[in-house]
Structure formats: C-alpha cells, structure tokens
Amino acid sequence: MKEIHLGRVLTEHRRRRGITQEELAEYLGVSKAAVSKWETETSCPDILVLPKLAAYFNITIDQLLDYKPQLTKEELRNMYRLLSGEFASRPFPKALDHCRSVIRQYYSCFPLLFQAASLLINHAAEAGGPEETAEILEEALALFRRVRVETDDARLGTEAGNMEAFCLISLQRPDEALELLEPGHMRLSPTEPLLSSAWRMKGKDREARKILQAGIYQSVLSLTELLANYMELCLDKPASFEATCRLLTDLADSFSLRELHPGILLSCYLAIARGQAMLGETEKALRTLEDYTSLATGDIYPLRLHGNSYFDLLDEWLEDFLELGDYPPRNEALIRSSMTRALSDNPAFAILAEHPRFQSLIARLKANEEEH
C-alpha cells in the first residue's frame with residue numbers, strides 16, 4: 001500500500017490552476033522533465049522543493065503528499081473489519097504481517113494502534129507456542145504503552161493503560177501491573193450523574209437519559225466482571241462462592257444479559273462452571289455448561305453490542321462513543337471456535353472429559369461451528 005500520492009495530487013492542482021508543466025518547472029527552477037517524472041511518480045522531488053510546491057498551491061505538505069496519518073471513524077472501522085477478517089481467513093503469519101504494516105503506516109493514529117493491539121491480544125494464542133504468544137503480547141504491550149503516553153484523549157489513554165496492565169499480567173509481570181494500576185489512579189465516582197445534570201440544565205433531557213443509560217450499562221458490565229473474578233477467590237469458602245454465584249445470576253436476570261450482552265453471560269457461565277468443577281460439584285457444573293452451550297448455539301448471532309427496550313438510547317451512544325461501534329472484537333468464525341475450545345481445552349473441565357453429557361456438549365458446539 002503506497003502511503004503518498006504526490007503525482008496525482010500535483011497533477012490535479014496544476015490543472016486546477018491552469019498551468020503547464022513548463023510553467024511550474026520555471027517557477028521551481030527545475031526542468032519540465034523533472035515535473036513530468038514527479039507526476040508519473042517515477043521520481044520524487046528533492047525534500048527542499050516540497051515546501052515550495054506546497055506554498056505555490058496553498059496546501060500543506062501532508063496534503064501535497066496525500067498522506068493521511070489519521071483515520072476517520074468509518075475508515076478505522078473498515079480497517080478493523082478487514083484485519084479481523086484476515087486473522088480468520090488467512091494463515092496467521094500473513095495476517096500478522098499485514099497488521100504490522102498497517103501499524104507502521106498509521107503509527108500516529110492512536111485509535112488505530114489501540115484496536116490493532118487488541119487484535120494482537122485476541123489472536124496471540126494462534127502464534128504457536130508459549131514463546132511466540134509472549135512475543136505477540138510484548139508487541140501489543142508496547143503499542144498500548146505508546147497510546148497511553150502519547151495520546152491527548154484521556155479516555156483512550158485510560159483504556160490503553162488498562163490493556164497495558166492486562167498484557168503485563170498475561171506476561172506474568174504483576175509488579176509492573178500493580179504500579180500502573182495503583183489504587184490512587186482509580187476513579188472513585190462516576191461522571192455520568194454530573195454530565196446528566198449539565199444536559200438537563202440545558203433542557204436536553206434526551207441527552208441526559210442517554211448518558212445515564214450508558215453509565216448504568218457500563219456499571220452493570222463492570223459489576224458482572226468483578227463478581228466473576230471475585231468468585232475465583234471464594235473457592236476456599238464454598239458458602240461465599242455460592243453467594244457470589246447467586247448475585248451474579250440475579251444480576252444477569254435483572255438486566256436481561258442473555259438478550260443485552262450474551263457474550264459476557266457466556267463468560268459468567270464459564271466462571272461458575274469452573275468453580276463448581278474445582279469444588280467437585282459435577283452435576284452443578286454440567287448444568288451450568290448446558291446453559292452455556294444452549295446460549296452459545298442459540299440465536300445470538302451476529303454478536304453485536306446493542307440496547308434493548310430498557311436501554312433504548314444505548315445504540316446511539318455506542319455509535320457515537322465507541323471507536324468500533326457495535327462491531328465484535330473478533331471475527332464470528334473465531335468466536336464460535338473459541339466457544340468450543342473454552343470447554344474442550346480448559347484444564348478445569350478435565351474431570352468432566354469422559355462424562356457423556358460433557359462430550360455431548362462439545363459435539364453440539366463443534367456442530368455449531370461447522371454449520372456456519
């Protein structure tokens with residue numbers, strides 16, 4: 001992919017001005033042949049000529065070169081879909097090479113770097129063995145760090161810092177993650193109530209409702225993840241584990257996560273089933289995994305972020321504030337495949353491997369992959 005298109009831009013501006021190659025060459029003090037070669041892109045002007053050319057046509061040097069270091073939101077989404085699709089359809093090394101070339105081309109487009117690094121994380125396991133996976137995670141870590149340090153977008157910087165910490169934890173470097181996520185950096189209160197009040201003062205009740213819906217939605221997802229993670233620390237206290245499971249399932253039912261966000265509910269089922277299996281509660285674990293499989297093979301595709309009858313303004317917020325809108329983090333074929341591997345390759349379920357019901361669940365998940 002060529003990053004500059006000086007020849008085309010030069011030709012367009014020269015013709016728009018109604019001047020010949022000879023006239024432009026005379027102004028610059030070069031030969032007509034030199035201008036001709038620039039326009040056909042068989043050669044490039046000396047770097048000292050570029051400011052003169054840009055000044056002559058009253059454009060910036062970036063405009064002269066047609067160099068676009070930043071992507072629009074729509075271009076970013078299209079690029080992400082392209083790269084995500086390639087990771088699903090092309091050999092991993094080829095998809096990785098293209099992703100890296102895009103990163104180099106848009107190295108100052110921080111939203112693109114963030115999403116590209118996220119792609120690397122989501123597909124790191126396909127790199128091969130542990131060493132290869134670690135190399136990909138190190139690469140993603142460096143990108144997230146660049147975004148965190150260089151971006152002027154506070155929200156993006158915070159998200160990049162969280163993902164940087166995720167990489168550090170995945171790389172078994174907890175001290176660095178703790179330093180990055182020290183409690184003093186945690187947000188103690190949400191900003192949505194203040195934003196909502198400001199919109200109401202301006203007579204914009206609809207905007208106030210939208211921002212509060214977004215805040216409630218994000219808080220529900222955050223609480224869901226917190227409970228799922230806390231559950232793993234309760235395995236030495238079965239009563240606390242059961243209480244956390246109830247809170248988690250009650251929350252999922254109260255906010256209709258099966259409809260609103262099936263992806264996070266699938267993760268909850270896995271977390272619950274893992275704990276039940278580790279506690280030796282085979283029958284409970286199998287029932288939870290049956291719920292997981294029914295959801296994973298059900299009518300939840302395409303997996304997109306969306307609102308519902310309660311969160312009736314959420315779709316607008318997702319479109320306005322999320323870089324990728326409602327697009328999922330991975331290609332759908334890979335998502336279906338990962339749902340199968342989450343059972344078949346999970347060490348926590350090794351004790352269930354020979355159980356006929358567990359084998360039946362694996363077969364259903366594999367059939368779901370093959371049908372699509």
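Which helix is the place of Ile216? Ile216 sits in helix H13, and that gives us a good place to begin our walk around the structure. Before we set off, please keep in mind that this is a predicted model.

So, Ile216. With a relative accessible area of 33%, Ile216 is partly exposed. Ile216 also has company on the surface: together with Leu212 and Tyr310, Ile216 makes a nonpolar patch of about 270 Å².

Let's stay with helix H13 for a moment and turn to charged side chains. Arg209 and Asp312 meet through their side chains in a salt bridge, with 3.2 Å from N to O. Arg209 belongs to helix H13, which covers residues 205–232, while Asp312 is in the loop between helix H17 (282–296) and helix H18 (314–321). The two are 103 residues apart, and the pair links distant parts of the chain. How buried or exposed is each partner? Arg209 is partly exposed, at 42% relative accessible area, and Asp312 is partly exposed too, at 43%.

Now, how many salt bridges does the structure hold? The count is 20. Let me show you some others.

Take Arg148 and Glu164, whose side chains form a salt bridge at 2.5 Å, N to O. Arg148 is in helix H9 (residues 130–150) and Glu164 is in helix H10 (residues 154–170), so this pair ties together parts that lie 16 residues apart in sequence. Look at the two partners one at a time. Arg148 is partly exposed, with a relative accessible area of 31%. Glu164, on the other hand, has a relative accessibility of 1%, and therefore counts as buried, since the cut-off for that word is under 20%.

Next comes Glu290 with Arg357. In this salt bridge, the closest N and O atoms are 3.1 Å apart. Again the pair links distant parts of the chain: Glu290 is in helix H17, Arg357 is in helix H20 (residues 356–370), and 67 residues separate them in sequence. Glu290 is partly exposed, with a relative accessible area of 26%, and Arg357 counts as partly exposed at 26% as well.

Salt bridges can also share partners. Which residues are joined into one network that way? They are Arg206, Glu207, Lys210, Glu316 and Asp320.

Let's leave the charges and look at two buried residues. The first stop is Leu83, in helix H6, residues 73–89. Leu83 has a relative accessible area of 3%, so we call Leu83 buried. What does Leu83 touch, if we skip residues up to four places away in sequence? The answer is His98, Cys99, Val102 and Leu119. You can also try finding Leu334 on the screen: Leu334 is 251 residues from Leu83 along the chain, yet their C-alpha atoms are separated by 13 Å.

Our last stop is Gln276, which is found in helix H16, residues 262–278. Is Gln276 buried or exposed? Gln276 counts as buried, because its relative accessibility is 7%. Leaving aside neighbours within four places in sequence, Gln276 is in contact with Phe241, Glu281, Lys284, Ala285 and Thr288.

To finish, let me bring back two pictures. On the surface, Leu212, Ile216 and Tyr310 make a nonpolar patch. Away from that, Leu83 and Gln276 are both buried. Thanks for listening, everyone!

Conventions
Residues numbered from 1 in each chain as written. Predicted model: local features only at pLDDT ≥ 70, side-chain atom pairs only at ≥ 80, totals over all residues. Heavy atoms only, no water. Helix = DSSP H or I, 4+ residues; strand = E, 2+ residues; numbered from the N terminus. Buried < 20%, exposed > 50% of the residue type's maximum accessible area, 1.4 Å probe, protein only. Contact = heavy atoms within 4.5 Å. Salt bridge = Lys/Arg side-chain N within 4 Å of Asp/Glu carboxyl O. Patch = residues over 30% accessible without salt bridge, like charges linked within 9 Å, V, L, I, M, F, W, Y side chains within 5 Å. Areas by Shrake-Rupley, 256 points an atom, 1.4 Å probe, with all protein chains shown as cover.
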